[in-house]
Amino acid sequence: MAIRTIREIGDPVLNKVSKEVKEITPRVKELIGDMFETMYEANGVGLAAPQVGILKRIVVIDTTGEDPLLLINPKLIEADGEQKGNEGCLSVPGKVGIVTRPNHVKVSAQNENFETVEIEGDELLARAICHELEHLDGHLYVEKVEGELMDVEAEEEED
Ligand code: NI
């Protein structure tokens, strides 16, 4: 596995629509491993393949540090409730902004064995799923920020 370079806002790859994954090839497996490693190294809770420059519909999420979640070709099938809170993105370093999201979502996706699974999430997981799915269609959360995009507090940036 290897750490990949995280593309930042302004890089045109972040605004492109990613393609469906048709099968789990050794390259796809390697990409998934690299995405988890890259996300953990950057202390992120989610990462989508276009953020490392690969236009494939693959997302990795871990909101607790102990619950790695892989979503291949994810589709949102249910969304309800509402939450309003701060959101950030590894492709928009040092910034946060307030975004309203559903408080509960259900997605259908393929897992590492290319089996179709349904995953449900509440609160932070629901937020992360919505955020990462939008990356696959070329959208960044900054398009949805209510008010100003803010700088992360300096003390939060330490370590
Ligand atoms: Ni992001």
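This passage walks through two sheets, two helices and a metal site. The structure is a predicted model, in which local features need pLDDT of at least 70 and side-chain atom pairs count only at pLDDT 80 or more, while totals for chains, interfaces and linings use all residues. Residues are numbered from 1 along each chain as its sequence is written, and side-chain values use heavy atoms, with hydrogens and water left out.

A good place to start is the five-stranded sheet. Helices (H or I, at least four residues) and strands (E, at least two) are DSSP runs, numbered from the N terminus, and two strands pair if DSSP finds at least two bridges between them. On this basis five strands make an open, antiparallel sheet with the order β1-β2-β3-β6-β7. The edges are taken by β1 (46–48) and β7 (116–122); each has a single partner strand, so one side of each is left without a neighbour in the sheet. From one strand to the next, the twist averages 40°; axes are lines fitted to C-alpha atoms, for helices over the stretch in contact, and angles run from 0 to 180 degrees between N-to-C directions. Within the sheet, β2 (residues 58–61) and β3 (residues 69–80) run antiparallel and are joined by four bridges, and Ile-58 has Ile-72 of β3 as its bridge partner.

Helix α1 (residues 26–41) packs on this sheet, where it touches β1, β2 and β3 and makes about 35° with the direction of β2; contact means heavy atoms within 4.5 Å. The loop between α1 and β1 holds Asn-43, a residue other than glycine with a positive phi, near 55°. Another positive phi, near 50°, belongs to Asn-73, which sits in strand β3. Are these two asparagines buried or exposed? Asn-43 counts as exposed at 66% relative accessibility, whereas Asn-73 is buried, with a relative accessible area of 4%. Here buried means under 20% relative accessible area, exposed over 50%, and partly exposed in between (1.4 Å probe, protein chains only).

The second sheet is also open and antiparallel, with three strands in the order β4-β5-β8. Its edges are β4 and β8 (146–151), each with a single partner strand, so one side of each lacks a neighbour in the sheet. Neighbouring strands are turned by 25° against each other on average, direction ignored. Five bridges pair β4 with β5 in the antiparallel sense, and Asn-86 has Ile-98 of β5 as its bridge partner.

Helix α2 (residues 123–136) meets both sheets. It lies across β1, β2, β3, β6 (104–110) and β7, running at about 125° to β7, and also across β4 and β5, at about 65° to β4. Eleven of the 14 residues of α2 are buried, so the helix is largely enclosed by the rest of the structure. After α2 comes Gly-138, with a positive phi near 85°.

Which residues are the protein donors of the nickel ion? They are Cys-89 (SG), His-131 (NE2) and His-135 (NE2), lying 2.0 to 2.2 Å from the ion, with the sequence spacing C-x41-H-x3-H. Cys-89, in the loop between β4 (83–87) and β5 (95–101), and His-135, in helix α2, are 46 residues apart and link distant parts of the chain. Donors are N, O and S atoms within 2.8 Å of the metal (3.2 Å for Na, K and Ca); water is not among the atoms, so sites may look incomplete. Cys-89 counts as buried at 9% relative accessibility, and His-135 is buried with a relative accessible area of 1%.
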